[in-house]
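Visitor: I'm new to this one, so could you walk me through a few of its features while I look?

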Amino acid sequence: MTDKHKYVSRFLCPQLLYVTCVGMVIAAEDQSLCVANHFCLGLNLNGKCCPTEDHVMLHCCDDGANPPPPHQSAAPSPTNQLPPSSPTWPAPQPDAHWPFQLLGNGPVGSDKLPIRTAGPHPLKPGPLWGTNVRAPLPTNRWWQNFVLQDGGVAGGDVVSPLPYLVQASGNGLAVSHPLSNEWSISTDFVTVPFYSKLILGAKDLPPNRHVAAYDDLSVTLVWAAAAANNGSKMQVPMVRGMPYVSAFYSGLKPQVLFPAAVVKTVEGKQPPIALHGERFVVVLDNGQTWHVYLETPIDVHVEA
């Protein structure tokens, strides 16, 4: 076999590019092939690279000055010795063309994403949110008017749990049950007015209130006094579609007001009267009838 037909065995196992080593046997006279240049081979290029069909020398071509060392075969082992467990391959030699410049030699990736973090919001949650409610705070719940301010008193806008409309204030919870003849109907929308027909409150009711709890369908408002005032409070849970409006009292004397009408009778008797029981039927002079239920029998005083 002549020198012209000598064969050179080249091996390459570039880190991060291959899992297994690749061994190739190529003819010495065909140095233009990509597989004949170990860096082009490492880039998994095919065809001609040094030069290409367009006579362009790629950067992965061996420069000839420092060609990669050929594989050095180990000498045969004596018959009384075991062969090595695995062959030892020479490490790739430094090359002026490696590594290649990508994207203008800028970083290909980074662990610092170009995402700006949001600063503190200029509008801070007020005391109507209470102290037990934690972030993230909801922004589009049906009861949101209990904590927002829209040109008037904070938390004073109407909330629609339906069929009732309610409005919170320092005097308690105002309740409206709009009748169909009170609606304003047009071709574009239906307007349901709010008329305060009943107020759930208490004698010496603490004026401060806040949201104590909420979920997708319910919210609980609490009118609470300071700890120095024996923890007196009125708690009002509300649920969408609720058939009753309820309140729980602790350390307070309940009070029910009818601001839009005069009480005509209670249990068929005209006020002022004193009654004892746990269920009362209240008839107003505007034709409405309200039923008041209590958890336990109590004494009730009805004023004219």
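Visitor: Is Asp216 buried or exposed?
Guide: This is a predicted model, and in it Asp216 counts as exposed, because its relative accessibility is 58% and the cut-off for exposed is over 50%.

Visitor: And which side chain does Asp216 meet in a salt bridge?
Guide: The partner is Arg141, with a distance of 3.5 Å from N to O. The pair links distant parts of the chain, since Asp216 sits in the loop between β8 (209-214) and β9 (218-224), while Arg141 sits in the loop between α1 (38-42) and β3 (165-169), 75 residues apart.

Visitor: What about Arg141, how accessible is that one?
Guide: Arg141 counts as partly exposed, at 27% relative accessibility.

Visitor: Why would two side chains like that pair up?
Guide: In general, side chains of opposite charge can pair when their charged atoms come close.

Visitor: How many salt bridges does the structure hold?
Guide: It holds 2. Besides the pair just described, Lys197 forms a salt bridge with Glu182, and their closest N and O atoms are 3.2 Å apart. This pair too links distant parts of the chain, with Lys197 in the loop between β6 (190-191) and β7 (198-203) and Glu182 in the loop between β4 and β5, 15 residues apart.

Visitor: Is Lys197 buried or exposed?
Guide: Lys197 counts as buried, because its relative accessibility is 6% and buried means under 20%. Its partner Glu182 counts as partly exposed, at 23%.

Visitor: Changing topic, which residues make the nonpolar surface patch?
Guide: Trp183, Ile185, Val190 and Val192 make a nonpolar patch of about 380 Å² on the surface. Of these, Trp183 is found in the loop between β4 (172-176) and β5 (184-185), and with a relative accessible area of 40% Trp183 is partly exposed.

Visitor: Now the strands: what is the order in the open sheet of 3 strands?
Guide: The order is β13-β14-β15, and the pairing is antiparallel. At the edges stand β13 (263-266) and β15 (289-302), each with a single partner strand, so one side of each has no neighbour in the sheet. From one strand to the next, the twist averages 30 degrees.

Visitor: Over how many bridges do β14 and β15 pair?
Guide: Strand β14, which covers residues 273-284, pairs with β15 in the antiparallel sense over 10 bridges.

Visitor: And which residue in β15 stands opposite Arg279?
Guide: That is Tyr293, so if you find Arg279 in the view, Tyr293 in β15 is the residue standing opposite.

Conventions
Residues numbered from 1 in each chain as written. Predicted model: local features only at pLDDT ≥ 70, side-chain atom pairs only at ≥ 80, totals over all residues. Heavy atoms only, no water. Patch = residues over 30% accessible without salt bridge, like charges linked within 9 Å, V, L, I, M, F, W, Y side chains within 5 Å. Areas by Shrake-Rupley, 256 points an atom, 1.4 Å probe, with all protein chains shown as cover. Salt bridge = Lys/Arg side-chain N within 4 Å of Asp/Glu carboxyl O. Helix = DSSP H or I, 4+ residues; strand = E, 2+ residues; numbered from the N terminus. Buried < 20%, exposed > 50% of the residue type's maximum accessible area, 1.4 Å probe, protein only. Pairing = 2+ DSSP bridges. Axes fitted to C-alpha atoms, helices over the stretch in contact; angles between N-to-C directions.
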